[in-house]
Amino acid sequence: MTAEPRAAALTIEGLRVSIGGHDVLHGVDLAVEAGRVHGLAGESGSGKTMTGLAVLGLLPHGSRASGRIAFGGRDLLGMPARVLDEVRGAKIAMVFQDPATSLHPMLTVERQLTEHMRHHLGVGGREARDRAAGLLAKVRIPGPREALKRYPHQFSGGMRQRIAIAVALACDPEVLIADEPTTALDVTVQAGILRLLRGLCDDLGLAVLLVTHDLGVMSAVADEVSVMKDGLVVETGPRGRVLREPRHPYTRSLLDALPVPPAGENSP
Amino acid sequence: MIMPLTGPLLSVEDLVVEHRTPGRPVVRAVAGAGLQVAAGEVVGLVGESGCGKSTLARALCGLHGAASGRILVGGHPVTPLGLRRRNPALTGVQMVFQDPYSSLNPRRRVGAQIADGLRTAGDTATSPADVLERVGLPRAFAGRYPHEFSGGQRQRIAIARALAARPSLLIGDEPISALDASAQAQVARLMRDLAMESGAGLLFISHDLSVVRLIADRIAVMYLGKVVETGPTAEVWADPRHPYTRALLAAIPSPDGAGVLPAELPGDVPDPADPPAGCRFHPRCPLAMDVCREREPDFGPVACWLHEPEPSSLS
Ligand SMILES: Nc1ncnc2c1ncn2[C@@H]1O[C@H](COP(=O)(O)OP(=O)(O)OP(=O)(O)O)[C@@H](O)[C@H]1O
Ligand SMILES: Nc1ncnc2c1ncn2[C@@H]1O[C@H](COP(=O)(O)OP(=O)(O)OP(=O)(O)O)[C@@H](O)[C@H]1O
Ligand code: SF4
Ligand SMILES: [Mg+2]
Ligand SMILES: [Mg+2]
């Protein structure tokens with residue numbers, strides 16, 4: 001991976017998805033560039049997660065998707081499962097909103113981190129273990145070497161979320177889709193994770209699609225911001241513009257709803 | 001369900017809770033924590049990821065035994081859930097679990113799961129659809145299964161189920177983390193209102209400090225297994241005294257569009273299996289003094305040598 005700027009790493013055009021005949025995405029357009037963080041906010045149930053899952057070909061059973069998802073000059077929609085398998089997990093990785101989807105409950109953290117590396121990067125056991133411990137340290141897990149031997153349920157909710165981030169980063173992906181990756185973190189640990197992601201973008205050219213409902217997080221790391229409502233992207237633009245001069249009424253309502261009690265006033 | 005009370009509704013004294021795994025060092029996740037919640041009061045519990053909040057919450061519901069210390073709910077001691085006998089302290093305690101995916105039964109319709117709560121409360125007038133409506137979901141959702149919902153929708157369902165049982169003590173472990181910003185404040189207020197309406201106490205565990213500020217009467221700040229600062233929310237916000245509380249409040253990212261990354265705490269996240277001697281925060285504290293490395297500040301409301309209570313106020 002090089003630091004030179006690349007064009008859009010991932011482009012989603014006119015993505016439509018229906019689940020069991022019910023339309024959930026009505027033509028989503030999004031572009032994520034190398035070395036940039038594209039923030040995606042939006043109403044609960046508006047289709048943020050389904051957009052991410054569609055990129056990885058992991059939509060729920062009974063779904064249909066149409067449109068175009070371009071990655072490396074190819075359309076991921078309609079790609080044979082075998083080819084998609086090579087892309088998924090190695091070149092495009094996802095941190096799932098539900099940590100249980102990212103982590104296998106019966107496998108040690110070491111297995112989950114190194115299996116991907118050995119399969120996709122072809123590194124040996126010792127090197128994989130060293131890299132795995134390094135990744136855990138990067139996501140601020142205390143005692144990373146010892147932590148490798150433990151199982152997911154032996155960690156706190158926020159630690160599991162960070163381990164899922166480490167698993168997603170294990171194979172040096174080009175694109176990371178992170179679906180609410182810091183909801184289980186306090187703000188100081190969250191700051192560490194945001195700095196880590198920002199660093200990977202700046203130094204290695206990682207492209208990040210960051211789904212978050214936290215507009216503070218959005219403001220801290222996103223370069224571009226898109227806002228979804230009812231299965232559509234209703235607004236896209238540079239972070240400063242969208243957060244300071246929102247054009248769509250829904251974006252404005254999100255900003256207006258931020259809980260900011262007047263200084264010095266007590267709780268209700 | 002309101003219990004006749006003299007003391008606080010929930011009282012936790014010097015609680016120690018350990019995780020033991022064969023062949024591993026003991027993890028003392030809660031290491032002498034104290035906490036009180038009065039009836040009709042909302043207490044926000046905040047702290048670093050991994051500091052022991054969920055372990056504490058599970059101990060309060062009898063899901064995890066205490067190694068030492070005391071938990072009283074409505075004056076009754078909480079003991080780990082036995083095989084058959086219902087613990088009198090625990091009738092009336094409801095918890096919304098941190099993980100909204102695993103706390104709902106995947107094989108039962110959500111309406112049936114909410115009906116369980118209504119039955120617990122002996123409520124025959126309310127239907128599960130009514131409860132869904134109160135948490136902002138369509139009535140028709142009652143007929144669906146948990147996997148058919150988005151993350152935020154599931155979280156509202158978990159809240160609906162807990163509220164349906166009309167608890168006297170409601171514990172929410174990150175109950176709003178999957179909701180969008182506008183819904184968070186709204187659902188948090190709803191939890192507060194519904195708890196207050198029935199004179200219940202609410203222990204609200206959350207990383208979302210702006211929401212905690214909005215709904216909590218008091219906050220308790222936890223660091224590495226201990227409650228290090230407690231106080232009325234507005235006071236702690238205006239004048240945080242423990243250096244950890246200060247770092248925490250300073251790291252809230254602002255939604256101003258400026259692209260500023262907040263500061264993280266210096267140094268490594270500590271391991272509860274191997275806590276630092278003296279003040280547990282000293283390796284990361286910008287104000288650490290010699291005494292901090294040697295003696296643990298074992299007092300309240302601010303467990304820090306810079307805020308030692310006057311001798312007269314020590315009991
Ligand atoms: N397995 C499923 N079957 C049917 N409908 C589903 C399924 N999963 C999700 N949906 C519906 O698809 C829509 C989009 O869901 P999605 O999970 O993408 O929302 P989201 O924007 O990620 O919301 P949140 O912020 O709450 O996570 C929702 O209306 C949801 O009810
Ligand atoms: N079953 C377990 N076995 C061993 N250690 C455990 C177990 N469950 C939790 N721990 C450890 O106990 C400590 C406290 O975990 P807990 O889940 O209480 O934290 P938390 O404050 O809720 O964190 P978060 O904000 O990330 O949810 C952590 O170090 C965690 O690794
Ligand atoms: S006791 Fe000392 S090390 Fe601990 S928080 Fe206070 S000043 Fe810092
Ligand atoms: Mg989602
Ligand atoms: Mg927790």
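This report walks through three ligand sites, two sheets and a few backbone details of a two-chain model.

The model is predicted, with local features needing pLDDT of at least 70, side-chain atom pairs counting only at pLDDT 80 or more, and totals for chains, interfaces and linings using all residues. Residues are numbered from 1 along each chain as its sequence is written, chains are lettered from A and ligands numbered from 1 in the order in which they are written, and side-chain values use heavy atoms, with hydrogens and water left out.

## Ligands 1 and 2

Let's start with ligand 1. It has 18 residues around it, where "around" means that a heavy atom of the residue lies within 4 Å. A:Ser44, A:Gly45, A:Lys48, A:Thr49 and B:Ser150 come nearest. Why is the site of ligand 1 shared between chains? Because residues from both chain A and chain B surround ligand 1.

Ligand 2 also lies between chains A and B. Its surroundings number 22 residues, and the nearest are A:Ser156, A:Gly158, B:Ser49, B:Gly50 and B:Thr55.

Here are some polar contacts of these two ligands, a polar contact being a pair of N or O atoms within 3.5 Å (within protein, one must be able to donate a hydrogen and the other to accept it, and residues adjacent in sequence count only if both atoms are side-chain atoms).

| Ligand atom | Protein partner | Distance |
|---|---|---|
| Ligand 1, oxygen | A:Ser44, side-chain N or O atom | 2.6 Å |
| Ligand 1, oxygen | A:Gly47, polar backbone atom | 2.9 Å |
| Ligand 1, nitrogen | B:His147, backbone N or O atom | 3.5 Å |
| Ligand 2, oxygen | B:Ser54, side-chain N or O atom | 2.7 Å |
| Ligand 2, oxygen | A:Gln154, polar backbone atom | 3.1 Å |
| Ligand 2, nitrogen | B:His19, polar side-chain atom | 3.4 Å |

How much of ligand 2 does the protein bury? On its own ligand 2 exposes 640 Å², and 92% of that is buried by the protein. For ligand 1, the protein covers 88% of the 640 Å² that ligand 1 has when alone. These accessible areas come from the Shrake-Rupley method with a 1.4 Å probe; for residues, only the protein chains shown count as cover.

The shell around ligand 2 gets two or more residues from each of these elements: helix H7 (157-169) of chain A, plus strand S2 (27-37) and helix H1 (53-60) of chain B. Helices (H or I, at least four residues) and strands (E, at least two) are DSSP runs, numbered from the N terminus. By class, this shell has 7 nonpolar, 13 polar and 2 charged residues. Nonpolar here means Ala, Val, Leu, Ile, Met, Phe, Trp, Tyr, Cys and Pro, charged means Asp, Glu, Lys and Arg, and the others, Gly among them, are polar.

## Ligand 3

Ligand 3 has 13 residues around it, and the nearest are B:Cys279, B:Cys285, B:Cys292, B:Cys304 and B:Trp305. Its shell splits into 11 nonpolar, 2 polar and no charged residues.

## The sheet in chain A

Chain A has an open sheet of 4 strands in the order S2-S1-S4-S5, with antiparallel pairing. Two strands pair if DSSP finds at least two bridges between them. S2 (22-33) and S5 (74-75) are the edge strands, each pairing on one side only.

Strand S1 (residues 8-19) is joined to S2(A) by 9 bridges and to S4(A) by 8. A:Ser18 has A:Asp23 as its bridge partner in S2(A), while A:Val17 has A:Ala65 in S4(A). The hairpin of S1(A) and S2(A) has 2 residues between the strands, and there A:Gly20 takes a positive phi near 50°.

## The sheet in chain B

Chain B has an open sheet of 6 strands in the order S6-S7-S8-S3-S9-S10, with mixed pairing. S6 (93-96) and S10 (226-232) each have a single partner strand, so one side of each is left without a neighbour in the sheet. Strands S3 (residues 42-47) and S9 (residues 218-223) of chain B pair in the parallel sense over 5 bridges, and B:Val43 has B:Arg218 as its bridge partner in S9(B).

## Two backbone details

The peptide bond from B:Gly300 to B:Pro301 is cis, with omega near -5°. B:Pro301 is found in the segment after helix H9 (290-294) of chain B.

A:Glu180 has a phi near 50°, a positive value in a residue other than glycine. This residue lies in the loop between strand S7 (175-179) and helix H8 (187-204) of chain A.
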